[in-house]
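Dear colleague,

Please find below the structure I agreed to hand over. A summary of what was found in it follows.

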Amino acid sequence: MTSLVGTGVLLRFNLRRDRLMIPVWVAVNTLMVLSMPNTLKGLYGTGAERADLLHQVATNSSLRALIGPVFDDSLGALTAWRVGVYAGALAAVTGLLVVVRHTRDEEETGRQELLSSGVVGRRASLTAALLAAAVASGVLALLVTAGLAGQGVVGALAFGLGLAAVGMLFATMAAIVAQLTESARLARGLTAGVLGVAFVLRASGDSASTDGSSVLTWLSPLGWLSQLRPFARERWWVLALFAAAVAVQGALAYMLAGRRDVGMSFVPTRPGPPVGRLGTAGALAWRLQRGAVLGWSLGFFLAGVVYGGLTDGVADLVGDNEKAREIFERMGGHSGITDAFLASMTGMLGLVAALYVVASVLRLHGEETSMRAEPVLANAVGRLRWASGHLVIAFGGSALIMLLAGLGFAVGYGKEVGPVLGACLVQVAAVWVVGGLAVLLYGLAPRVAPLAWGVAGVVLLIGWVGPALDVPRAVLDLSPFGHLPKLPGGEMEWGPVLVLLVLAAVLVTGGLAGLRRRDLTS
């Protein structure tokens, strides 16, 4: 057991470092889940309305691909159906971010070597990282179980454990990938790519069958979560699949940890070309971030295709349900259910794009804290020029992925190409405000720069849950997305958009001014 010496100390250290990140991610996920029962009760308050919903899901393969099959008409079962896939994905993201942050990130910055020089066992850091992820998953399970207990204790427990199981499955997967690669960025990207594949497999399987019996569904951990069937005659044996996968992946991660030197990887980075092509700071920034840009671009285009394909069936799904129509109108405007749906979906993609711009901006923070920025700045490269290379990719990339989302909508929907494209591009102004705030935090106070993730999480929560709960307008206005015109269908208002663009420029300018004057992190 000497290989685990120091695990407790490292766990406390990890939890202290994540005292903001973990609560924010867990809170966003929990509030998203717990907001659903009352919303669904207002939307489908009668047995006839719920029966009609089950019929619509059974006959609409696109809806099943997006959300999954539904197995019962109780409020608990409908809650698990409506948010299960997305809550599971958020739990997976939380797990993989925590593990990579405390394993490969620590090795990449050189802090792990310093820790290992003390009385710390060989596998203590990996164990502490997995335990931190387990704490996040456990708290999520506890809060979801307690919050949904009114819908049925057994079903609430099954749903909470299922979300925690998804989180731990991707946490142990990240523990393996982090040892196979030399880069934390690549480890996060590869694990997130597996999560994307899992979503596609589940979507393909659920669209092909009404009960989730497709082989493709069972190849996806997100499919396992729906097949656990909370609040609908629970299949407890599905948790054994999660436990087996977590145990196998955890054992493999521990085996790799015992055969690897600190800082090394089993898959070395491919050497670059003999003749250098990175002649500018911008070229280096593109080389570092091109994988993320391409991955997000593909994901947004495919999301646009899927949402566009759902548009024609929205009117049939909503039918005469005034509550559902009101929610879509609060999210997307009063110009008709089709336009309201398109506006709400483009708005949702804009909220997700805010996560991209934060991640891209904070790449500057990662380069600085890992001391890779110093060799670049030691040459004839100024700080503003170095930062500008990354910021062009961050802000230009966010515009690109929203443009591709609009093209995806055009492909999936096949109508109103111009208005839908404009609806996607107008989201860029709000996305840039979130990115500008990330630049400001990084430039003025790099120690608190990760708080930008918390800002993005709050904005996502307001935009996702706020309209469903009919929160006051003052709360919605806290998000820059609350000031955008509702397109397509509504009137284009240039005033708020220009104000948001000016605010983004001011925030970026302030951040760059702070970066120019302060010392680099040592």
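**Overall composition**

The chain has 25 helices and zero strands; both are DSSP runs numbered from the N terminus, helices being H or I with at least four residues and strands E with at least two. This is a predicted model, in which local features need pLDDT of at least 70 and side-chain atom pairs count only at pLDDT 80 or more, while totals for chains, interfaces and linings use all residues. Residues are numbered from 1 along each chain as its sequence is written, and side-chain values use heavy atoms, with hydrogens and water left out.

Of the 522 residues of the chain, 52% count as buried (buried is under 20% relative accessible area, exposed over 50%, partly exposed in between, with a 1.4 Å probe and protein chains only). The accessible surface comes to about 22100 Å², and 66% of that belongs to carbon and sulfur atoms (Shrake-Rupley method, 1.4 Å probe; for residues, only the protein chains shown count as cover). Among contacts between residues at least 6 apart in sequence, 77% join residues at least 24 apart; a contact means heavy atoms within 4.5 Å.

**Salt bridges**

Six salt bridges are present in the structure, each being a side-chain nitrogen of Lys or Arg within 4 Å of a carboxyl oxygen of Asp or Glu. Three of them are described here.

Arg 101 and Asp 18 meet through their side chains at 2.7 Å, N to O. This pair links distant parts of the chain, 83 residues apart: Arg 101 is in helix H6 (residues 75-102), and Asp 18 is in the loop between helix H1 (7-17) and helix H2 (21-34). Asp 18 is buried because its relative accessible area is 1%.

Arg 202 pairs with Asp 206, the closest N and O atoms being 2.7 Å apart. Both residues lie in helix H11 (residues 184-208), four residues apart, or about one turn of the helix. Arg 202 and Asp 206 are both buried.

Glu 367 and Arg 363 form a salt bridge at 3.0 Å, N to O. They are four residues apart in helix H18 (residues 363-369), so about one helical turn separates them. Glu 367 is buried at 5% relative accessibility, and Arg 363 at 12%.

**Surroundings of Val 459**

Val 459 belongs to helix H23 (residues 451-469) and is buried, with a relative accessible area of 7%. Leaving aside residues up to four places away in sequence, Val 459 touches Leu 351, Val 434, Ser 479, Pro 480 and Phe 481. Val 459 and Leu 355 are 104 residues apart in sequence, and their C-alpha atoms are 9.9 Å apart in space.

With kind regards
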